[in-house]
Amino acid sequence: MEIDKKAFLDSLGGPEAAGRMDSEARADALESHMMDQLNRAKTGDPAWDKPKLEKYPTVAEVEQQIETRKYREGVGFMYVPRTGENVRRLPPMPAKPTLYDFFKLRFMDTSNHVLQSAALAMKNGMSEEIILACLLHDVVQEIIRTDHGWWGAQLFEPYVPEKVSFAIRYHQALRYYPDPSVGYEYPDLYRQLFGADYVPPPYIEATYQMVRKHSWYMDARLVTVNDLYAFDPDAVVTIDPFIDIIGRHFKQPKEGLGNDGSPVAHMWRTIARPDQPL
Ligand SMILES: [Fe+2]
Ligand SMILES: [Fe+2]
């Protein structure tokens, strides 16, 4: 990784202030600066941060990109860094990890995006269930991106109200279909990601038709409305404003996520211990 020396020294308060630090403190500061840079590079990379294009590719051109990559698009962000850098050793998890611990220690590539979405939902006066759905809607993309609505709903189903997992599951299908009644338009980003002439597959169309008639349609729709389709690098977001909502609506297992013997405990362990070979 290239270090911008001036930016690094500025972050310490200038060359003079840096000169007053002992070598140990400077080395620590350099390491944290590099991690910060890496996180910026990484969080800047996910799909929702693609630069706006003048001309969108066709579906055929998107297909041609497949063989230019060292990874398949469906693999999760924590498993294959899109920067081409090596993966980093992860901090250990506590013995009984909570959702908060996963946000702090594992959801490195997705947390900024979902925190921004949840913050927008809160600003827009959404219900606590919608805010929670926004907070959780994409974090499963740490391990898998393909069909992430379904995977994400499954990951959270044992721990959240049914309406929240419903909204997470179906936000994926609804995002392809505009709803002018709430000002939701087809995202430009998808013209870039899927191709300008993309037509969603039949299972997505069928899911949309089903959800459209469902009494909880608007719950899933509001996740797409408060979703962010562009990354704001300047947004300062933390999980703190959502701690109470998590406390009220997320059933934290006392053994810790991954240790509770639930049907999805292995998914939490997969996030907690991604360096296990088998
Ligand atoms: Fe999503
Ligand atoms: Fe999203």
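**Entry 1: helices and strands**

I looked up the secondary structure and found 14 helices and zero strands in the chain, where helices (H or I, at least four residues) and strands (E, at least two) are DSSP runs numbered from the N terminus. I note that this is a predicted model, in which local features need pLDDT of at least 70 and side-chain atom pairs count only at pLDDT 80 or more, while totals for chains, interfaces and linings use all residues. Residues are numbered from 1 along each chain as its sequence is written, chains are lettered from A and ligands numbered from 1 in the order in which they are written, and side-chain values use heavy atoms, with hydrogens and water left out.

**Entry 2: confidence**

I checked pLDDT, the predictor's confidence in each residue from 0 to 100, and the chain averages 87, with 81% of the residues scoring at least 70. Over residues 35-47 pLDDT stays under 50, and for this stretch the model has 21 contacts beyond four places in sequence, a contact being heavy atoms within 4.5 Å.

**Entry 3: the chain as a whole**

Of the 278 residues of the chain, 43% count as buried; buried means under 20% relative accessible area, exposed over 50%, and partly exposed in between (1.4 Å probe, protein chains only). Among the contacts with a separation of 6 or more, 74% come from residues 24 or more positions apart.

**Entry 4: the nonpolar cores**

I then turned to the nonpolar cores, each a set of buried Ala, Val, Leu, Ile, Met, Phe, Trp, Tyr and Cys residues joined through side-chain atoms within 4.5 Å. The largest has 41 residues, and those with the most contacts inside it are Leu99, Phe103, Leu135, Leu136, Phe156 and Trp268. Several helices supply at least two residues each, including α5 (99-105), α8 (148-156) and α14 (265-272), and α7 gives the most, with seven residues. I followed Leu99 beyond its neighbours within four places in sequence, and its contacts include Phe107, Leu136, Phe156, Ile246 and Trp268. A second, separate core of 14 residues includes Phe166, Leu189, Tyr217 and Ala220.

**Entry 5: a covered helix**

I looked at α12 and found it mostly covered, with eight of its 10 residues buried; among them are Tyr217, Asp219, Arg221 and Asn226. What covers the buried residues of this helix includes α6, α7, α9 and α11 (202-212).

**Entry 6: the two iron ions**

For the metal sites I took donors as N, O and S atoms within 2.8 Å of the metal (3.2 Å for Na, K and Ca), keeping in mind that water is not among the atoms, so sites may look incomplete. The iron ion (ligand 1) has the protein donors Asp138 (OD), His148 (NE2) and His171 (NE2), lying 2.2 Å from it, and along the chain they follow the spacing D-x9-H-x22-H. Asp138 lies in the loop between α7 and α8 and His148 in helix α8, so the pair ties together parts that are 10 residues apart in sequence. Both Asp138 and His148 are buried.

The iron ion (ligand 2) has the protein donors His113 (NE2), His137 (NE2), Asp138 (OD) and Asp227, which is listed with OD twice, at 2.0 to 2.7 Å. The spacing of these donor residues in sequence is H-x23-H-D-x88-D. Since His113 lies in helix α6 and Asp227 in the loop between α12 and α13, the pair ties together parts that are 114 residues apart in sequence. His113 counts as buried at 3% relative accessibility, and Asp227 is buried with a relative accessible area of 7%. The two iron ions are 3.7 Å apart, and Asp138 coordinates both.

**Entry 7: aromatic pairs**

I searched the whole structure for aromatic pairs and found 18; rings of Phe, Tyr and Trp (its six-membered ring) pair if their centres lie within 6.5 Å, with planes under 30 degrees apart counted as stacked, over 60 as edge-to-face and the rest as tilted. Phe156 and Phe250 form an edge-to-face pair, 6.4 Å centre to centre with 75 degrees between the planes. This pair links distant parts of the chain, with Phe156 in helix α8 and Phe250 in the loop between α13 and α14, 94 residues apart, and both residues are buried. Tyr176 and Phe194 are also edge-to-face, at 5.5 Å centre to centre and 65 degrees between the planes. Tyr176 counts as buried at 8% relative accessibility, whereas Phe194 is partly exposed with a relative accessible area of 22%. I last noted one aromatic cluster formed by Phe102, Phe103, Phe107, Phe156, Tyr159, Phe250 and Trp268.
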